[in-house]
Amino acid sequence: MLQHCNKETIMNEGEEATISLADEDQVKEVLSGAVLGLWDVVNSLTRLRPSKRDRYRVTIFGSARVQPGTFGYEETKRCAAALAEMGCDIITGGGPGLMQAANEGASSAPERSKSIGIRVDLPFEQEINSFVSQTFEHRTFFTRLHQFVLTSDAFLVAPGGIGTVLETLMVWQLLQVHHLNDTPLILVGKMWPGLIQWAKESMLSNESPLASPQDM
């Protein structure tokens with residue numbers, strides 16, 4: 001039996017109403033609900049973990065602007081090569097600079113290590129560097145960061161800009177709330193003690209602390 005609703009909507013008993021595309025508010029509500037439903041599916045799927053990985057995976061974050069031949073580039077490459085010799089896969093953002101340095105270091109031991117790039121599609125971003133052997137592409141920073149977290153056993157952070165700081169603070173926050181456990185977060189370089197000192201002075205020295213000492 002048909003039930004009258006209004007001139008825009010017709011529904012059967014026990015069924016949800018159809019919505020006219022002319023009703024913008026209702027359309028937005030349906031789209032919002034559908035997106036949230038998709039996130040529920042994604043969140044459920046990301047609870048799954050492999051029982052055992054083939055190799056330990058180290059993500060190296062760092063600046064895209066550091067040039068080959070500089071101290072930072074060569075040291076990042078040397079570190080990644082040493083980890084690769086130990087049998088670790090190396091994961092980066094796949095771009096130039098210190099990401100390229102890490103992938104270049106990993107590619108020195110291809111029989112022991114994968115050189116992985118997880119990149120994001122940006123209008124001004126350079127192409128994936130030539131030392132990446134396996135590539136993943138993302139349209140947003142959010143899904144990209146999620147894959148870094150899901151696929152990494154440790155994070156090593158070299159000097160970098162705003163993007164590197166974003167990645168660092170996200171991992172730090174996930175460690176704080178125990179969404180990550182037993183996952184090393186290693187900050188390398190002279191720029192990072194200032195961040196830690198700022199966090200201690202700003203978050204712990206208030207009358208009502210904004211963080212706990214163990215978060216540091």
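**Figure 1. Glu75 and Arg78 within helix α2 of the predicted model.** Glu75 and Arg78 are three residues apart in helix α2 (residues 71-85), so about one helical turn separates them. Their side chains form a salt bridge, with an N to O distance of 2.7 Å. Glu75 is partly exposed, at 29% relative accessibility, while Arg78 is exposed, with a relative accessible area of 53%. The structure holds eight salt bridges.

**Figure 2. The open sheet and its edges.** Six strands make up the sheet, in the order β6-β5-β4-β3-β7-β8, and their pairing is parallel. The edge positions are taken by β6 (134-138) and β8 (185-187); each has a single partner strand, so one side of each lacks a neighbour in the sheet. On average, and with direction ignored, neighbouring strands of this sheet are turned by 20 degrees against each other.

**Figure 3. Pairing of β4 with β5, and the helices packed on the sheet.** Strand β4 (residues 89-92) runs parallel to strand β5 (residues 115-120), and three bridges join them. Ile91 stands opposite Ile116 in β5. Helix α3 (residues 98-106) packs on the sheet and touches β3 (57-61), β4 and β5. The direction of helix α3 makes about 165 degrees with that of β4. Helix α4 (residues 141-151) also packs on the sheet, where it touches β3, β4, β5, β6 and β7 (154-157). For helix α4, the angle between its direction and that of β5 is about 155 degrees.

**Figure 4. The salt bridge between Arg55 and Asp89.** The closest N and O atoms of Arg55 and Asp89 are 2.7 Å apart. Arg55 lies in the loop between α1 (24-45) and β3, and Asp89 lies in strand β4, so the pair ties together parts that are 34 residues apart in sequence. Asp89 is buried, with a relative accessible area of 3%, whereas Arg55 counts as partly exposed at 25% relative accessibility.

**Figure 5. Arg144 and Glu167, a salt bridge between helices α4 and α5.** The side chains of Arg144 and Glu167 meet at 3.7 Å, N to O. Arg144 belongs to helix α4 and Glu167 to helix α5 (residues 162-176); the two residues are 23 apart, and the pair links distant parts of the chain. Both Arg144 and Glu167 are buried.

**Figure 6. The network of Arg55, Arg57 and Asp89.** Salt bridges that share partners join these residues into one network. One of these is the pair Arg55 and Asp89.

Definitions and conventions
Residues are numbered from 1 along each chain as its sequence is written. This is a predicted model: local features need pLDDT of at least 70, side-chain atom pairs count only at pLDDT 80 or more; totals for chains, interfaces and linings use all residues. Side-chain values use heavy atoms; hydrogens and water are left out. Two strands pair if DSSP finds at least two bridges between them. Helices (H or I, at least four residues) and strands (E, at least two) are DSSP runs, numbered from the N terminus. Axes are lines fitted to C-alpha atoms, for helices over the stretch in contact, and angles run from 0 to 180 degrees between N-to-C directions. Contact means heavy atoms within 4.5 Å. A salt bridge is a side-chain nitrogen of Lys or Arg within 4 Å of a carboxyl oxygen of Asp or Glu. Buried means under 20% relative accessible area, exposed over 50%, partly exposed in between (1.4 Å probe, protein chains only).
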